[in-house]
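Reader: I'm new to looking at protein models, and I'd like to zoom in on one part. Could you walk me through the salt bridges and what surrounds them?

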Amino acid sequence: QGRDAARYPELAIDGVLGLDALHAGLAERLARFEPLGQGNPACQWLLDQVQIADRRDMKGGVVRLRLQQAASRSGLCDAVVFGIGAMDEALRPGACVSVVGQLQLDDWRGGGAVQFVVEDVLDG
């Protein structure tokens with residue numbers, strides 16, 4: 001198996017998820033914790049050892065990614081990075097990385113689609 005939360009003690013993460021766990025049902029359950037803010041922070045998840053299958057640079061430093069499990073090349077998940085900044089070099093197509101962020105319903109696409117909002121990246 002990949003790394004777990006104990007291997008990253010400096011990160012404030014709530015757990016490790018595989019791409020197969022990223023579905024609308026989980027995103028809807030997490031949305032019940034809203035409103036989020038200083039006293040109620042969003043859950044931070046680690047997606048361990050994922051490969052950047054595709055990358056599309058959008059306006060304003062927004063980047064859309066397609067992630068797959070690195071070891072098995074199975075499972076696909078859409079991800080988005082707002083203000084890519086220092087993460088730019090690590091998030092190149094073909095790169096194997098671990099990412100930290102939140103799972104959200106993708107209201108723009110609808111139909112039960114989910115996206116992973118990347119907040120931080122760790123080189124594979």
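Author: Sure, let's start with one pair: arginine 66 and aspartate 78 form a salt bridge, with their closest N and O atoms 2.8 Å apart. This pair ties together distant parts of the chain, since arginine 66 is in strand S3 (residues 63-69) and aspartate 78 is in strand S4 (residues 76-81), 12 residues apart. Keep in mind that you're looking at a predicted model.

Why might such a pair form at all? Side chains of opposite charge can pair when their charged atoms come close.

Now check how much of each partner is open to the outside. Aspartate 78 has a relative accessibility of 14%, so it counts as buried, because the cut-off for buried is under 20%. Arginine 66 comes out at 30%, so it counts as partly exposed.

How many salt bridges does the structure hold? There are four. Another one joins arginine 55 to aspartate 57, and here the closest N and O atoms are 2.7 Å apart. These two partners sit in contrasting settings: arginine 55 is buried at 11% relative accessibility, while aspartate 57 is exposed at 52%. That last value earns the label "exposed" because the cut-off is over 50%.

Next, look at arginine 92 and aspartate 88, whose side chains meet in a salt bridge with an N to O distance of 3.1 Å. Arginine 92 is partly exposed, at 32% relative accessibility, and aspartate 88 is partly exposed too, with 24%. Here's a nice twist: Arg55, Asp57, Asp88 and Arg92 are joined into one network by salt bridges that share partners.

While you're here, take a look at another aspartate. Aspartate 48 is found in strand S2 (residues 45-57), and with a relative accessibility of 9% it counts as buried. Its side chain has a polar contact of 2.7 Å with the side chain of serine 98.

Aspartate 48 also leads us to leucine 17, a residue of strand S1 (residues 15-17). In sequence, leucine 17 and aspartate 48 are 31 residues apart, yet their C-alpha atoms are 7.5 Å apart in space. The two residues touch as well: leaving out residues up to four places away in sequence, leucine 17 is in contact with Leu22, Leu26, Trp45, Leu46, Leu47 and Asp48. At 13% relative accessibility, leucine 17 counts as buried.

Technical notes
Residues numbered from 1 in each chain as written. Predicted model: local features only at pLDDT ≥ 70, side-chain atom pairs only at ≥ 80, totals over all residues. Heavy atoms only, no water. Helix = DSSP H or I, 4+ residues; strand = E, 2+ residues; numbered from the N terminus. Buried < 20%, exposed > 50% of the residue type's maximum accessible area, 1.4 Å probe, protein only. Contact = heavy atoms within 4.5 Å. Polar contact = N/O pair within 3.5 Å; in protein donor to acceptor, adjacent residues only side chain to side chain.
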